[in-house]
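Please take the sequence and the model side by side, and follow the account below one element at a time. The aim is to lead a new reader through the strands and helices in turn.

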Amino acid sequence: MKMTFRWYADKDSITLSQIKQIPNVSGVVTAVYDVPVGEIWDLNRILTLKKKINESGLSMEVIESVPVHEDIKLGLPSRELYVQNYKKNIENLAKAGVKCICYNFMPVFDWLRTDLKRVAVDGSNSLSYNHDEILKLDVHNLSLPGWDESYSKFELNGLLNDYKNMSKQQLLENLIWFLKNIIPTCEEYDVKMAIHPDDPPWNVFGLPRTVSSSKDLDEIFSAVPSIYNGLTFCTGSLGAGKFNELVSMANKYANQNRIHFAHLRNIAYTDKGFYETAHPTECGDLDMFAIVKTLVKNKFNGYVRPDHGRNIWGENKKPGYGLYDRALGACYLNGLFEGIEKSMVK
Ligand SMILES: [Mn+2]
């Protein structure tokens, strides 16, 4: 297991030296953030970013994300150009020593919550999702926490309209087309693709979803069997769907060597959705011990990061991405891995 920590580069108020001080964190998970989706990341900018990270004693082996242009998800003719650009990005990232790319194939929104600061009894706050509140929203006049700056209402209406008649099967076919195009490049440059599951794993606003369940993942992997076509095992995203049995999924995909990256976080279910909790098993509804044990049992050797943390100790950072609770999460996960690994040695 290689413990990493997400870092938003120059936009992040958390510094590399703070991250380096978290025990056992060997690298950051980052990206070149200000390039429009679909365009090529300049190699020199990637190398400059890498140099800065390496000088802090950290590695840059995982990128999250290289976003996929909507035209690829929509299967438009312009996808031919965007997939060439994507391949060029894989090549450039490989030249900078990147080993794993996390990406997703969710139309329009790559995560969705109804409250970014749900306050818990202990005074901490975290992200939460309530399906009733989603149903109350006017799809033609959406205002969503965390998204108002990303799209104008006009753009959003256009995009939602573009997907109106797309089936789940069509979206899956577009994903498979994308994978068939890029995986040979990944094999050539030794870069593993790790698809992030849908968050949350069900349809919202009528948008199709195609990476929500074990059945979905089986179809994706059987269509493009190369081991370079792999998974970001995000426990919070998959686990939001009670139909997903995380331990058996961890067992299946770690055994197949498909899990290249793991986001390990906990959630608690409510009547209408879920909220994010501290990482330990007893803080939420996911059995983090059983999940990690299953990964270790299958000799999982990929990248791990703590995922969304709460805001605690008066910290008021980007929702999910404060320093303190994610650092606590990393320490908890380090302890789980060490305890389980050492107890399994005969
Ligand atoms: Mn995740």
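**Sheets and helices of a predicted model**

In this predicted model, strand β5 is joined to strand β6 (residues 125–130) by three bridges, and the two strands run antiparallel. Within that pairing, Arg 118 stands opposite Ser 126 of β6. The two strands form a hairpin with five residues between them, and in its turn Gly 123 has a positive phi of about 90 degrees.

This hairpin belongs to an open sheet of four strands, which are arranged in the order β5-β6-β11-β10 with antiparallel pairing. Because β5 (115–119) and β10 (267–270) each have a single partner strand, they stand at the edges of the sheet, and one side of each is left without a neighbour there. From one strand to the next, the twist of this sheet averages 35 degrees. At the β10 edge, four bridges connect β10 with strand β11 (residues 273–276), again in an antiparallel manner, and Tyr 269 is found opposite Phe 274 in β11.

The other sheet to follow is a closed barrel, in which eight strands with parallel pairing run in the order β1-β2-β3-β4-β7-β8-β9-β12. On average, and with direction ignored, neighbouring strands of the barrel are turned by 30 degrees against each other. One of the pairings in it can be traced in detail: strand β7 (residues 192–196) and strand β8 (residues 229–234) run parallel and are joined by three bridges, with Leu 231 in β8 as the bridge partner of Ile 195.

Turning to the helices, α2 (residues 43–55) offers a check on its own geometry. Its 13 residues, at 1.5 Å a residue, should span 18 Å, and because the C-alpha atoms at its ends are 18 Å apart, the two values agree. Which residues of α2 are buried? They include Ile 46, Leu 49 and Ile 53. Viewed down the axis of α2, the buried residues fall within an arc of 65 degrees, and therefore they line one face of the helix. This spacing fits a general rule: an α-helix has 3.6 residues a turn, so residues three or four places apart point the same way. On the other side of α2, by contrast, Asn 44, Lys 51 and Glu 55 are exposed. The buried residues pack against α1 (16–20), β2 (27–30), β3 (59–64) and α4 (79–95), and after the helix comes Gly 57, whose phi is positive, near 85 degrees.

Helix α10 (residues 246–255) can be read in a similar way, beginning with its buried residues Met 249, Ala 250, Tyr 253 and Ala 254. Because these cover an arc of only 115 degrees around the axis, they lie on the same side of α10. Among the elements that cover them are α8, β8, α9 (235–239), β9 (259–264) and α11 (288–297). Just after α10, Asn 257 takes a positive phi of about 65 degrees.

Helix α8, one of the elements covering the buried residues of α10, comprises residues 214–223 and contains Ala 223. Is Ala 223 buried or partly exposed? Ala 223 counts as partly exposed, because 15 C-beta neighbours lie inside 10 Å. In sequence Ala 223 is 46 residues apart from Trp 177, whereas in space the C-alpha atoms of these two residues are 9.6 Å apart.

Notes:
Residues are numbered from 1 along each chain as its sequence is written. This is a predicted model: local features need pLDDT of at least 70, side-chain atom pairs count only at pLDDT 80 or more; totals for chains, interfaces and linings use all residues. Two strands pair if DSSP finds at least two bridges between them. Axes are lines fitted to C-alpha atoms, for helices over the stretch in contact, and angles run from 0 to 180 degrees between N-to-C directions. A residue is buried if 20 or more other C-beta atoms lie within 10 Å of its own, exposed if 12 or fewer, and partly exposed in between; C-beta atoms are placed from the backbone. The expected span of a helix is 1.5 Å times one less than its number of residues. The arc is that of the directions from the helix axis to the C-beta atoms. Two residues are in contact if their C-beta atoms, placed from the backbone, lie within 7 Å.
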